[in-house]
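Please look first at how the chains meet, then at the aromatic rings, and finally at two single residues that illustrate opposite surroundings.

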Amino acid sequence: MANLHLPPTLTSLFPDLPRRVEVDAATVAGAIAELEECWPGLRDRLLEPGPCLRPHIHVYVDGERAALESMISDRSRLDVVAAISGG
Amino acid sequence: MARTLLLIGTRKGLFLLESTPKGTDWEVRGPFCESWPVYHAIHDPASGTIFAACASDWHGSAVWRSSDLGESWAFSSEGLGYGDGDSRKVSKISSLAVQRGRVLAGVEAPGIFESRDGGESWSLLSTLSGQPGSEEWDEAANQPPGHLGISALMPDPDDEASFFAIVQGVGAFETPDRGTSWTPRNRGLRADWPRPHAEVGFCVHRLVRAPSDRNRLYQQNHVGVHRSDDGGLSWTEITDGLPSEFGFAAAVHPHDRDTFYVIPLDPGHGRCMPAGHAAVWRTRDAGGSWQQLDRGLPGRHAHLGVLREAMAIDGGDVPHLYFGTSTGQLYASIDEGDSWTEIADHLPTIWSVAVAVAD
């Protein structure tokens with residue numbers, strides 16, 4: 001199971017969504033789809049039509065900047081980051 | 001006992017203000033909506049629900065709602081988008097309106113969505129496709145970051161199928177049939193720039209209808225203040241007597257169609273009250289003459305801006321007025337604008353002010 005770390009700006013929107021979630025998926029897109037099943041509406045908060053990641057949402061797989069199609073493994077760590085922007 | 005609440009949409013969330021029982025002070029609650037930027041907030045008197053049009057820089061746009069006057073909140077963006085195959089994106093939800101059991105949301109890129117289940121889900125109602133100028137306003141290059149798209153929606157209180165929509169920088173349009181067909185309503189307006197289409201290319205900032213006469217409309221335009229006596233079919237400029245032709249906010253008296261308020265601003269990049277002197281301006285004769293109302297407002301070094309949805313008037317026998325500033329002050333008048341009192345300060349940049357009367 002990959003280990004997914006979520007930002008507080010996201011977890012505060014969904015009751016019972018923890019900062020760390022274990023996911024069983026082959027890609028970043030698959031991981032987000034898995035989250036959407038448990039917390040409906042979450043996908044819209046990370047993706048915009050395309051689909052693609054929202055401009056200020058960054059995802060890292062094992063420390064490397066990733067895209068939706070990026071592969072993940074059972075032992076991957078995923079970090080979803082609400083990028084520093086605005087004021 | 002009825003409660004009067006002010007709904008204050010700000011760059012950092014929604015705030016609710018409620019006057020104390022003696023009416024001498026105001027209790028401030030918030031920020032709500034997780035401090036997302038709130039472009040507009042309204043109260044539906046039929047359902048008792050507060051709706052807030054929000055757009056997070058990180059997490060996109062959604063309409064937040066509360067059915068218990070702010071005690072609990074939910075949000076939804078289900079259906080509130082143009083879809084994966086469309087080049088248009090919903091960058092923000094700019095405007096809201098309720099009309100006989102449905103909620104309307106105006107967005108950017110310009111489009112209008114509706115909800116028939118109290119804000120739980122949404123569907124595209126209209127993009128005003130085919131109207132003059134629509135091809136240009138759909139281009140991403142014409143949608144800079146601060147653009148609002150559909151900057152306002154104004155339902156007709158007497159006709160559940162009819163409402164106005166403002167396309168920012170283009171003009172006002174009216175539909176008689178729930179958004180199926182549209183007609184530009186800009187005849188007689190002024191524009192100080194080239195326009196490729198005769199009927200559009202006007203910068204309507206704020207459009208209001210007199211509750212006492214459905215045919216009496218006013219607008220604060222980028223260039224001038226204008227009045228319509230025929231429901232928007234034609235417009236007459238009434239700017240003479242004001243210190244500036246530019247402004248955003250406007251309000252019309254609930255019982256007297258000839259009494260109307262604006263807040264003139266310098267038209268340059270500052271867009272603040274002229275000469276640092278805070279004032280609201282009122283006409284009692286439908287724009288024939290204007291009075292400066294500044295008692296209680298700061299008279300020096302008051303570089304206050306007031307945006308298009310940031311002034312509101314209630315429906316009382318002697319109506320109360322409220323306006324909020326881009327620097328977080330909120331002012332109220334209980335004597336039709338003759339004098340003003342600051343009722344809140346240190347709020348984030350205020351984008352909208354609405355009055356709700358709830359049980």
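**The interface and its surroundings**

Chain A and chain B bury about 1600 Å² between them, and 49% of that area is on carbon and sulfur atoms. This value, like the others below, comes from a predicted model. The size of an interface is often given as the accessible area lost when the parts come together. Counted by residues, 20 residues of chain A are in contact with 16 residues of chain B.

Which polar interactions cross between chain A and chain B? The rule finds one salt bridge across this interface, and it is formed by B:Lys89 with A:Glu48, whose closest N and O atoms are 2.7 Å apart. In addition, between chain A and chain B there are nine residue pairs in polar contact, counting pairs in which both residues have pLDDT 80 or more. On the side of chain A that touches chain B, the elements giving two or more residues are helix H1 (8-11) and helix H3 (42-46) of chain A, and H3(A) gives the most, with four residues. Sorted by class, this side of chain A has nine nonpolar, six polar and five charged residues.

The aromatic rings offer a second way through the model. A pair of aromatic rings is described by the distance of the centres and the angle of the planes. Over all chains, the count by this rule comes to 15 aromatic pairs. In one of them, the rings of B:Trp26 and B:Tyr322 have centres 6.0 Å apart and planes at 85°, and because an angle over 60 degrees counts as edge-to-face, the pair is given that description. B:Trp26 belongs to strand S3 (residues 26-32) of chain B and B:Tyr322 to strand S25 (residues 321-324) of chain B, so the pair ties together parts that are 296 residues apart in sequence. Both B:Trp26 and B:Tyr322 are buried.

Another pair has a different description: the rings of B:Trp64 and B:Phe75 have their centres 4.9 Å apart and their planes at 35°, so this pair is tilted. B:Trp64 sits in strand S6 (residues 60-66) of chain B and B:Phe75 in strand S7 (residues 74-76) of chain B, with their positions 11 residues apart in the sequence, so to speak, as the pair's separation. B:Trp64 is buried, with a relative accessible area of 5%, and B:Phe75 is buried as well, with a relative accessible area of 18%. B:Trp64 and B:Phe75 also belong to one aromatic cluster together with A:Phe14 and B:Trp36.Two single residues complete the picture. Is B:Ser115 buried or exposed? At 0% relative accessibility, B:Ser115 counts as buried, and its place is in strand S10 (residues 111-115) of chain B. A polar atom of the side chain of B:Ser115 lies 2.8 Å from the backbone nitrogen of B:Gly119. Leaving aside residues up to four places away in sequence, B:Ser115 touches B:Gly101, B:Arg102, B:Val103, B:Glu120, B:Ser121 and B:Trp122.

A:Ile84, by contrast, counts as exposed at 88% relative accessibility, and A:Ile84 lies in the segment after strand S7 (77-82) of chain A. The C-alpha atoms of A:Ile84 and A:Ile57 are separated by 9.5 Å, the two residues being 27 residues apart along the chain.

Terms used. Residues numbered from 1 in each chain as written. Chains lettered and ligands numbered in written order. Predicted model: local features only at pLDDT ≥ 70, side-chain atom pairs only at ≥ 80, totals over all residues. Heavy atoms only, no water. Buried < 20%, exposed > 50% of the residue type's maximum accessible area, 1.4 Å probe, protein only. Contact = heavy atoms within 4.5 Å. Buried area = accessible area lost by both parts, 1.4 Å probe. Salt bridge = Lys/Arg side-chain N within 4 Å of Asp/Glu carboxyl O. Polar contact = N/O pair within 3.5 Å; in protein donor to acceptor, adjacent residues only side chain to side chain. Nonpolar A, V, L, I, M, F, W, Y, C, P; charged D, E, K, R; others polar. Phe/Tyr/Trp six-rings, centres within 6.5 Å; stacked < 30°, edge-to-face > 60°.
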